Amino acid sequence: MKHRIFTVFLAVLMLLGTIPAAATEVTEPTNVPREPGYCGEAIMWSFDSGTLTLTGAGAMDDFPEGAPWEVHKDEIETVIISGGITYVGAYSFRDYDKLKDVQFGDDVYEIGEKAFFSCDGLTVIHLPESFKVFGPSCFMGCTKLTEFHCEGRFPSFRLNCLWDTYAKIYFPANKPWSVELIQELEENFHGRIEFLASDGTDPYVPTEAPEETEEPTEAPTQEVTEAPTTEPPVTEAPTDPIVITTAPTEEAPVEAPTEVIEETQAPTEPEAEEKGGGSKAPFIILGVVALFLIGGTIVFGGGRKKGKYSR
């Protein structure tokens, strides 16, 4: 009896162990055959008057061999993906040239590989805040696609996802994306992709930069045009030397008489001295003669007296 109870208990535990495992399985895109009208485990599709509508929840299937709506390929102009759908299947709308508009629901997380490959009619794409992954080549070859409007954070850009689109990607102005990641993407896309805020501004390139580049280009043109106007007054400069040269000519006559007067006055002084010297010379000669006469009389007179006494 105890043995039977134990085996029943083990069987119950094994059953309980399998229930969580089944509940936690992640739904992934599959290619298993679906009932007509289904394109995923819980997703249905319908077509009416050029519009393909997808409703349900979870992930779509991948369609490498063509989607179940392939028969309407040349008629589909609009695709509506309702809320609850998280994944757009790979190759879902490859080469749908008539497709012009795609409306994504609020729960789309990822767009599969080549889902919209070479859809030449697409021009603008709006992606919800839930969006996170551009699958490989998902919009490759959409040559007329010029704008992506993203509401969420910076998504993952898989290989060649936007190749040959030459589009502008607008991100939320209140949730700016990483500068480093944007720079890396611009290098990888070789400048084919431009990133702008939702308000149309580019916070990573100063708006004053173009003005600074324009100012130097305008400055030389102004200087060149004004230079000839300033040069004519320069031609009046020779008139200044003429004034300068005339100044000495006016002063020269004034200075010349002063020099002549000085030269004429200089000889008058020696002449006066010569005249004065000539008037003193006779007196000197007469004085010398007088001294000789006086001395002679004294000498000769004294000799005569001695002769008388001797006799």
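Which residues does K175 touch, leaving aside those up to four places away in sequence? I shall begin with that question, and then move from the local contacts to the chain as a whole. Please keep in mind that what we have here is a predicted model.

The residues that K175 touches, with neighbours up to four places away in sequence set aside, are E129, E151 and R153. K175 itself sits in a loop, the one that runs between β13, residues 168-171, and α2, residues 179-188. With E129 there is also a polar contact: the side chains of K175 and E129 are joined at 2.7 Å.

Let me turn to the sheet. Five strands form an open sheet with parallel pairing, and their order is β4-β6-β8-β10-β12. At its edges are β4, residues 58-59, and β12, residues 156-157, each of which pairs on one side only. For β4, the pairing with β6, residues 85-88, is parallel and consists of two bridges. Within β6, the residue that stands opposite G58 is I85.

I come next to V32, which belongs to the loop between α1, residues 2-23, and β1, residues 38-40. Is V32 buried, exposed or partly exposed? Its relative accessibility is 42%, and V32 therefore counts as partly exposed. Between V32 and D62 there are 9.6 Å in space, measured as a model distance from C-alpha to C-alpha, and the two are 30 residues apart in sequence.

The next topic is helix α4. This helix covers residues 239-310, and V288 lies in it. V288 has a relative accessibility of 40%, so this residue counts as partly exposed. Together with I284 and F292, V288 forms a nonpolar patch on the surface. The accessible area of these three residues together is about 330 Å².

Finally, the protein chain as a whole. How many helices and strands does its secondary structure come to? There are four helices and 14 strands. Of the 311 residues in the chain, 24% are buried. The chain exposes about 20900 Å², and 60% of that area is supplied by carbon and sulfur atoms. As for contacts between residues at least 6 apart in sequence, 43% of them join residues at least 24 apart.

To close, I return to the opening question: K175 touches E129, E151 and R153, again not counting residues up to four places away in sequence. Thank you for your attention.

How values were computed
Residues numbered from 1 in each chain as written. Predicted model: local features only at pLDDT ≥ 70, side-chain atom pairs only at ≥ 80, totals over all residues. Heavy atoms only, no water. Patch = residues over 30% accessible without salt bridge, like charges linked within 9 Å, V, L, I, M, F, W, Y side chains within 5 Å. Areas by Shrake-Rupley, 256 points an atom, 1.4 Å probe, with all protein chains shown as cover. Salt bridge = Lys/Arg side-chain N within 4 Å of Asp/Glu carboxyl O. Buried < 20%, exposed > 50% of the residue type's maximum accessible area, 1.4 Å probe, protein only. Polar contact = N/O pair within 3.5 Å; in protein donor to acceptor, adjacent residues only side chain to side chain. Contact = heavy atoms within 4.5 Å. Pairing = 2+ DSSP bridges.
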